[in-house]
Amino acid sequence: MFEADAASRALGIELIEAGAGHAVTRMRITPTMVNGHDIAHGGYIFLLADTTFACACNSYGPVTVAAGADITFVTPVKLGDLLTARATEKTRFGRSGIYDVTVDRDGEVVAEFRGRSRVIGK
């Protein structure tokens, strides 16, 4: 799935690891990702977390999409920061699942994301 994700790959997101219910990705903040406050635009941090969530929830095979997600931004991210996102499956039930993604910079948490998944394929 990640190899076909042109949006994530165009932003320089790298898939470091993926397995049953988990994934790890990485992305460096570039000049085009910085907003008028001289910090990373939250949409890019959300996209990194969402990509990691997608890799984790699609790790079982059936096509799985986001049913919803939310994010809490903990601390500002700056130009040049290298972010790592780690997704962990919390639970799967029926065709649904819940996944938590922690985004950090050198071990410092910068955002927490919770995604809700839904299997749409078999």
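**View 1. Contacts far apart in sequence, and the overall fold.** In this predicted model, take the contacts between residues at least 6 apart in sequence: 61% of them join residues at least 24 apart. The chain carries 2 helices and 6 strands, and reading along the sequence gives the pattern α-β-β-α-β-β-β-β. The radius of gyration is 14 Å, close to the 14 Å that the globule rule gives for 122 residues, so the protein is as compact as a globular protein of that length. Lay the C-alpha trace along its principal axes and it spans about 45 × 25 × 25 Å.

**View 2. Surface and charge.** The accessible surface adds up to about 6,500 Å², with 53% of that belonging to carbon and sulfur atoms. Of the 122 residues, 38% count as buried. On the charge side, there are 13 positive and 14 negative side chains, and the centres of the two sets sit 7 Å apart.

**View 3. The largest nonpolar core.** This core has 25 residues, and the members touching the most other members are I29, I45, L48, V77, L83, V101 and V103. Which elements give two or more residues to it? They are β2 (22-28), α2 (42-57), β4 (82-93), β5 (96-105) and β6 (108-119). Helix α2 gives the most, with 7 residues.

**View 4. Zooming in on L83.** L83 is one of the core residues that touch the most other members. Skip anything up to four places away in sequence, and what does L83 touch? Its partners include I29, I45, L48, V77 and V103, and those five are also on the list of core members with the most contacts to other members. L83 also touches T25, R26, M27 and V110, plus the run D104 and R105.

**View 5. F73 in strand β3.** F73 belongs to strand β3, which covers residues 64-73. Is F73 buried, exposed or partly exposed? Its relative accessibility is 43%, so F73 counts as partly exposed. Leaving out neighbours within four places in sequence, F73 is in contact with G42, I45, V110 and A111. For a distance to put on the picture, F73 and V103 are 30 residues apart in sequence and 9.4 Å apart in space, C-alpha to C-alpha.

**View 6. Y99 in strand β5.** Y99 sits in strand β5. With a relative accessible area of 1%, where buried means under 20%, Y99 is buried. Pick K78 as a second marker: Y99 and K78 are 21 residues apart in sequence, and their C-alpha atoms are 26 Å apart in space.

**View 7. Two loop aspartates with positive phi.** Most residues other than glycine have a negative phi, which makes this pair worth a look. D38 is not a glycine, yet its phi is positive, at about 65 degrees. D38 lies in the loop between β2 and α2, and at 52% relative accessibility D38 counts as exposed, the cut-off being over 50%. Where does D106 sit? D106 is in the loop between β5 and β6. Phi of D106 is near 50 degrees, again a positive value in a residue other than glycine. D106 is exposed too, with a relative accessible area of 77%.

How values were computed
Residues numbered from 1 in each chain as written. Predicted model: local features only at pLDDT ≥ 70, side-chain atom pairs only at ≥ 80, totals over all residues. Heavy atoms only, no water. Core = buried A, V, L, I, M, F, W, Y, C linked by side-chain atoms within 4.5 Å. Buried < 20%, exposed > 50% of the residue type's maximum accessible area, 1.4 Å probe, protein only. Helix = DSSP H or I, 4+ residues; strand = E, 2+ residues; numbered from the N terminus. Contact = heavy atoms within 4.5 Å. Rg over C-alpha atoms; globule rule 2.2 N^0.38 Å. Areas by Shrake-Rupley, 256 points an atom, 1.4 Å probe, with all protein chains shown as cover. Lys, Arg positive; Asp, Glu negative; His and termini not counted. Charge placed at Lys NZ, Arg CZ, Asp CG, Glu CD.
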